[in-house]
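This report deals with charged side-chain pairs and with one helix packing. The model is a predicted one.

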Amino acid sequence: MPEHTPQEPWTIGRRAFLGRAGAGAALLAGGLLAGDALMGAPTTAQAMPVRAPNPADLDPLALLRKMLAFDTQNYGQGGVTRPHGQMLKTMWDSAGVPVEIIPTPKADNVHVIARVRGTTSAAPLLLLGHSDVVPVERAKWSVDPFAGVVKDGQIWGRGALDMKGANAAFISAMLRHIGEGGRFDRDIIVLTDCDEEAGPYGSSWLAANHWDKINAGMVLTEGGWFLAQRDRETPMLITVTRQDKVYFNLDLVADGTATHSSKPNPDSAIVKLSRAVDRLADWLAPVALTPVTREYFGALAKATDDRAFRRSIELLLTAKSQHGRDRAAAVVVARSSYPWLHRALLRTTHAFVIENAGYKENVIPSTATLRVNCRGIPGGQRPREFLAQVRGMLAGRDVTVKLVGQPGESEADALTRLDETYSAPPSSIDSALFGAIRHAAGKTYPEALFSPALFEAGTSLHPWTSRGLPGYGVYPYVLDNDQLIGMHGNDERIGVEALRKGTEFMYTLFDRFRVR
């Protein structure tokens, strides 16, 4: 595979997916895993040790390739993250940073917590990155998803975007400061968590059992997108997310008559379900603009060099009726270089994700079920309103629409819980971390505009934001639409130079907390 020569002066040197042990896991399968060194409970602030990190870890591309070699696929109940975590522990040890591996009740599924000691007792800054990745459909990839292939100016692999690429930028930038002997005005906690892509032992479990180790004053994780102009390269809009969409699931359930498959009948559960899907397939929930999304689209209008796109956004923001907003939004999406992203930021979305029906080819089944994953806009359409709208659309079609709650939770309780999430305010734009993000954007991408935004997906921030602590998100690399769509898809990749520039962004961000 092609080798990439570092350019920066500071760089030195769904059921049946087939699992596979990654190359990195194999390298660490022996005695390296014996014993997890503990750093103990946080102590009062003290000076950072000055120790040169491994030169390879200062290069975000080299570090990302190392991370991608570990197969940390999570099929819904957590992945095997211990080998990846041991690699991180060795890296932090070499830089003299106290680090601890926190095992979970699931074998080989761990959290890693490193703490860069600051010079005061100010509330720490926490960097949150997950080590697990969604599964791959290996046959549909054009490269080995765990080989860290570099080609066409891009680094390919499962997790390259979400979110090992961000982890590599975060950590490489921090190690650069450490290698320079830098000291910070507060502790900086680097948490690499597990079970972010589903599972019982994620950040909420960690907070419930080890809050003293992750108690911080502000948190940065995945989220905001760095968007390009229509040329797919020139930075256009640098965003930081201060709020996630509201996550919930619906099940569509159809019942029919079970019988021998030689006698097709009009009472087929699968046919009923298919007709319900057809009814919802092209339907879009109404557009809902909130102060957060209005600010984002206003900044997008100013940032784009596409005059027709700018005019369509202006029409959206000035529309006086729901009909006008819906019509203008359709034009915005049609003209956008990131159409799926912008459609998602305008409304509650629904995606068909898991279908269950049948068990034998000579039996017409009595039940068919489809899971619909939904994401609502905080302050927009309430989940209970969306649920009522879907039920109204499918009335008379012999399909039951069920809100999927937590185990033992009634629908009423689930709706109350979702109302609370819906009503939670966005994180403040007055924090030191938000100011540092804004500063880094202006210094690193002076030709682009900066804006806070809504994240169309979800993160692990809840343990902190539910306590009133500010939490934000960035994916610190400029992406084109094809790369963005690769998130949780096939041939996931990011640009090599975009990763390097994003690492410089993170270095500049951390510099705001450095003691002079």
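Glu 100 and Lys 213 form a salt bridge, with 3.3 Å between the closest N and O atoms. The pair links distant parts of the chain, since Glu 100 belongs to strand β1 (residues 99-103) and Lys 213 to helix α5 (residues 203-214), 113 residues apart. Glu 100 has a relative accessibility of 5%, under the 20% limit, and therefore counts as buried. Lys 213, at 9%, counts as buried too.

A salt bridge also joins the side chains of Asp 306 and Arg 230, at 2.8 Å from N to O. Asp 306 sits in the loop between α7 (291-303) and α8 (307-318), and Arg 230 in the loop between β7 (218-228) and β8 (235-244), so this pair ties together parts that are 76 residues apart in sequence. Asp 306 counts as buried at 18% relative accessibility, whereas Arg 230 is partly exposed at 42%.

Glu 411 and Arg 391 meet in a salt bridge of 2.8 Å, N to O. Here the link runs from helix α12 (residues 411-423), which holds Glu 411, to helix α11 (residues 383-393), which holds Arg 391, with the two positions 20 residues apart in sequence. Glu 411 is partly exposed, at 33% relative accessibility, and Arg 391 is partly exposed as well, at 31%.

The three pairs are listed below.

| Acidic residue | Basic residue | N to O distance |
|---|---|---|
| Glu 100 | Lys 213 | 3.3 Å |
| Asp 306 | Arg 230 | 2.8 Å |
| Glu 411 | Arg 391 | 2.8 Å |

The count for the model comes to 24 salt bridges. Salt bridges also link Arg 176, Glu 180, Glu 504 and Arg 514 in a network.

Glu 504 appears again in a helix contact, where it is one of the α16 residues that meet α13. Helix α13 (residues 432-444) packs on helix α16 (residues 496-511) at an angle of about 135 degrees, and their axes are 8 Å apart. The angle makes α13 oblique to α16. The crossing of α13 past α16 is right-handed.

On the α13 side, the contact is made by Leu 433, Ala 436, Ile 437, His 439, Ala 440, Ala 441, Lys 443 and Thr 444. Their partners in α16 are Lys 501, Glu 504, Phe 505, Thr 508 and Leu 509. Sorted by class, this contact of α13 with α16 has 7 nonpolar, 3 polar and 3 charged residues.

Methods: Residues numbered from 1 in each chain as written. Predicted model: local features only at pLDDT ≥ 70, side-chain atom pairs only at ≥ 80, totals over all residues. Heavy atoms only, no water. Salt bridge = Lys/Arg side-chain N within 4 Å of Asp/Glu carboxyl O. Helix = DSSP H or I, 4+ residues; strand = E, 2+ residues; numbered from the N terminus. Buried < 20%, exposed > 50% of the residue type's maximum accessible area, 1.4 Å probe, protein only. Axes fitted to C-alpha atoms, helices over the stretch in contact; angles between N-to-C directions. Parallel < 35°, antiparallel > 145°, perpendicular 65-115°, else oblique. Left-handed = near helix turned anticlockwise from the far one by under 90°. Contact = heavy atoms within 4.5 Å. Nonpolar A, V, L, I, M, F, W, Y, C, P; charged D, E, K, R; others polar.
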